[in-house]
Amino acid sequence: MNGDFDVDMSREDLNPCFLGKFKDDEFESRSLSDDNSFDAMSGDENKQEQCPKKKKKKMTKYHRHTSYQIQELESFFKECPHPNEKQRLELGKKLALESKQIKFWFQNRRTQMKTQLERHENVILRQENEKLRVKNGFLKEAMRGSLCIDCGGAVIPGEVSYEQQQLRIENAKLKDELDRICGLANRFIGGSISLEQPSNGGIGSHHLPRGHGFSSGTSLLCMDLAMEAMDQLLKLAELDNALWIKYSKSEKEPMNHEEYRSIFMGSKQHLVSSRETGLVLINSLALVETLMDTNKWAEMFECIVAVASTIEVISNGSDGSRNGSLQLMEAEFQVMSPLVPIKQVKFLRYCKQHGDGLWAVVDVSYDINREDENLKSYGGDSKKFPSGCIIQDIGNGCSKVTWIEHSEYEESQIHSLYQSLLSSSVGLGATKWLTTLQRQCESFTTFVSSQDQTGLSLAGTKSILKLAQRMKLNFYSGITASSIHKWEKLVADNVGQDTRILTRKSLEPVGVVLSAAMSLWLPVTQQRLFEFLCDGKCRNQWDILSNGASMENMLLVPKGQREGSFVSLLRAAGKDQNENSMLILQETWNDSSGALVVYAPVDVPSMNVVMSGGDSAYVALLPSGFSILPDGSSSLPDHIDTNNSLVNHESKGCLLTVGFQILVNSLPTAKLNLESVETVNNLIACTIHKIRAALRIPA
């Protein structure tokens, strides 16, 4: 044939018999230009003949694309190999070609490029294959002269069974895991663990830490998480770092959360962070032991920790000390108000010694940023980001403690009255923890040094303090509804939303106990309200138990150097004591994180037994009292206003919680009636009304 023909490769009516007439090389030479670019191919809208025997119709003659057209098409192809209909029309107008010609040119150009790529890849694969053949030959030659390390004989190449391959793979995995465990344990306990087998059959110079109920993999995850938390705690404790915002005229240091998220991780919920440093009357070893013993820790922070337990001891430490000790714990954290729900948290606690007299104890929620299902199963309704304390001995039985609290919670669950408090450091933040620790350690020191002032024997003083301790715990439980007692919530129509009524069956005293608590804000300072409630001369202005008489101290047991920190025994002023008289056991304390006034009526015979050193467990207690907390405004981080001036938050009031417990029936199986609910509800309302009237606070 004469002339050049473009063939439409995409047409469905293309006759294969017609294509058979063209040889491959002839077709290729006529369809490609000299510069390896395809000529434009156009389809013939007239149908081809169905077979060679039939008379062929005259075919339309097509012309080769010009150099300019090919250049423009190639240039557009580099930018867009798949032009749409609009782009094809624009190109057609520009190059004086039909849209179908443009379409077929791009189809053929893409086919050509794909073929070229496949040829190039085949060349590379052939080269790689040849290299592997040569390398394999060298290895076979080298193995012929090799000796077996175990038996010393010649190595005979041969096929390895599937079972042997699996065993070798498993062995390699186990060795890698053991190497990782040893490396992790060396860092965890600060010792030296090697893979060498000692004479006693153990591993190295230490036994690897292992949880009693956890798998080795889960224990490793715990250790890894604990060390990450420890590193973060030390970073947060550093002075003059960018994680804390400092103001020249303020001691408060709010966290720079943007900086924190850029270094560590983010948080979806409300994040509360605080840091506080102070001196504590306890040495580092004693404080570490208190923190790592669940019972001692809960007792030390009784107003914060409602219930605590150790779920799993993952590591007991090394060399007989708490260094490297790691345990999984569970606790309920409380704020003294029925308007703040209990915070249930499960977390890891890790203790590490960083020098002579220098320790760090860190807490972190078990499922922080972890995807493991075993970790998620231990998540609580709140999370602790790395929190804890750095303890440094300074001599004379004292320590310098830097406390850091870093947690998140659902802000929507908190009553509006307490949102400012919980956003500050005095709610459940560093100030609350450190101040409580200072007060408790001071209380123990004062008890030892002022024993002669009580007029009681050592056993008698211990017994009355133990009774006061039980009174406080019962009072806390009635206010916060912690699980220390099995309370049942009672819903009554005549009780306001800010008042919570609880009931429980009691063994001492025997019967059904009703607890009622209510919180409110008062426009009076914490100090003023505390002094009024502790003043025995003003007692008859609000306490119905005083029967209109003022009260005087019959016994004072100091619990610190702070004013108002006592366990006292009160009686009506001007009346002689007899066997039928009623006494009031009371404990009070006051510091920057809050104040407490809790009391319970007791009879004279029972207290005579207690003060002589007898068992106080049989004394029936129905505690009532007041918890006074800052409203949180004075503890909020100061901020810079639009004039670049520091704005200080000043407290304008305090948060008062009133709580009462009464025995409504001496039969544990008795049912509660609405009359009892009205009685305790009226008691709270009447007490608050009398306090307002005495302090001249408008209702």
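How many bridges join E5 and E7, and in which sense do the two strands pair? Let me start there, friends, and keep in mind that this is a predicted model. E5 and E7 pair in the antiparallel sense, over six bridges. If you want a landmark on the screen, find Ala360, which stands opposite Ile390 in E7.

Now step across to the next strand. E7 also pairs with E8, again in the antiparallel sense, and here there are seven bridges. Gly388 stands opposite Ile404 of E8. The hairpin of E7 and E8 has two residues between the strands, and in it Asn396 takes a positive phi near 55°.

These strands bring us to some empty space. The structure holds eight cavities of 30 Å³ or more, and I'd like to show you the second largest, with a volume of about 80 Å³. Which elements give two or more residues to its lining? They are E5 (358–365), E7 (387–395) and E8 (398–409). E5 gives the most, with three residues. The lining includes Trp297, Trp403 and Trp433, along with Arg349, Asp363, Lys384 and Glu405. Gly388, the residue opposite Ile404, is part of the lining as well. By class, the lining residues of this cavity divide into seven nonpolar, one polar and four charged.

From a cavity to a pocket, then. The second largest pocket has about 770 Å³ of space and is lined by 25 residues. Which of them lie nearest its centre? Those are Glu299, Gln440, Ser443, Phe444 and Gln469. Three helices each supply at least two residues of this lining: H10 (294–300), H13 (430–449) and H14 (458–480). H14 gives the most, with eight residues. The lining of this pocket has 10 nonpolar, seven polar and eight charged residues.

Let's stay with H14, please, and look at what else it touches. One neighbour is helix H16, residues 604–611: the axes of H14 and H16 come within 7 Å and cross at roughly 125°. Are the two helices perpendicular or oblique to each other? An angle from 65 to 115 degrees would count as roughly perpendicular, and one over 145 as roughly antiparallel; the crossing of H14 and H16 is therefore oblique. On the H14 side, the contact is made by Gly460, Ser463, Ile464 and Leu467, and on the H16 side by Met607, Val610 and Met611. Five of these contact residues are nonpolar, two are polar and none is charged.

My last stop is the open sheet of nine strands. Its order is E9-E10-E11-E19-E16-E15-E14-E13-E12, with antiparallel pairing. E9 (488–490) and E12 (551–558) stand at the edges with a single partner strand each, so one side of each has no neighbour in the sheet. From one strand to the next, the twist averages 20°. At the E12 edge, E12 pairs with E13 (residues 566–572) in the antiparallel sense over seven bridges, and the bridge partner of Glu552 is Arg571 in E13.

And here H14 comes back. H14 packs on the sheet, touching E10, E11, E12, E13, E14, E15, E16 and E19, and its direction makes about 75° with that of E14. So, to close on one helix: H14 gives the most residues to the lining of the second largest pocket, is oblique to H16, and packs on the sheet. Thanks, everyone, and over to you.

How values were computed
Residues are numbered from 1 along each chain as its sequence is written. This is a predicted model: local features need pLDDT of at least 70, side-chain atom pairs count only at pLDDT 80 or more; totals for chains, interfaces and linings use all residues. Side-chain values use heavy atoms; hydrogens and water are left out. On a 1 Å grid over the protein atoms alone, a cavity is a set of points where a 1.4 Å probe fits but cannot get out, and a pocket is an open set with protein on both sides within 12 Å along at least five of seven lines; lining residues have an atom within 4 Å of a point. Grid points are joined across faces, edges and corners, and a volume is the space filled by probe spheres set on the points. Helices (H or I, at least four residues) and strands (E, at least two) are DSSP runs, numbered from the N terminus. Ala, Val, Leu, Ile, Met, Phe, Trp, Tyr, Cys and Pro count as nonpolar, Asp, Glu, Lys and Arg as charged, and the others, Gly among them, as polar. Axes are lines fitted to C-alpha atoms, for helices over the stretch in contact, and angles run from 0 to 180 degrees between N-to-C directions. Angles under 35 degrees count as roughly parallel, over 145 as roughly antiparallel, 65 to 115 as roughly perpendicular and the rest as oblique. Contact means heavy atoms within 4.5 Å. Two strands pair if DSSP finds at least two bridges between them.
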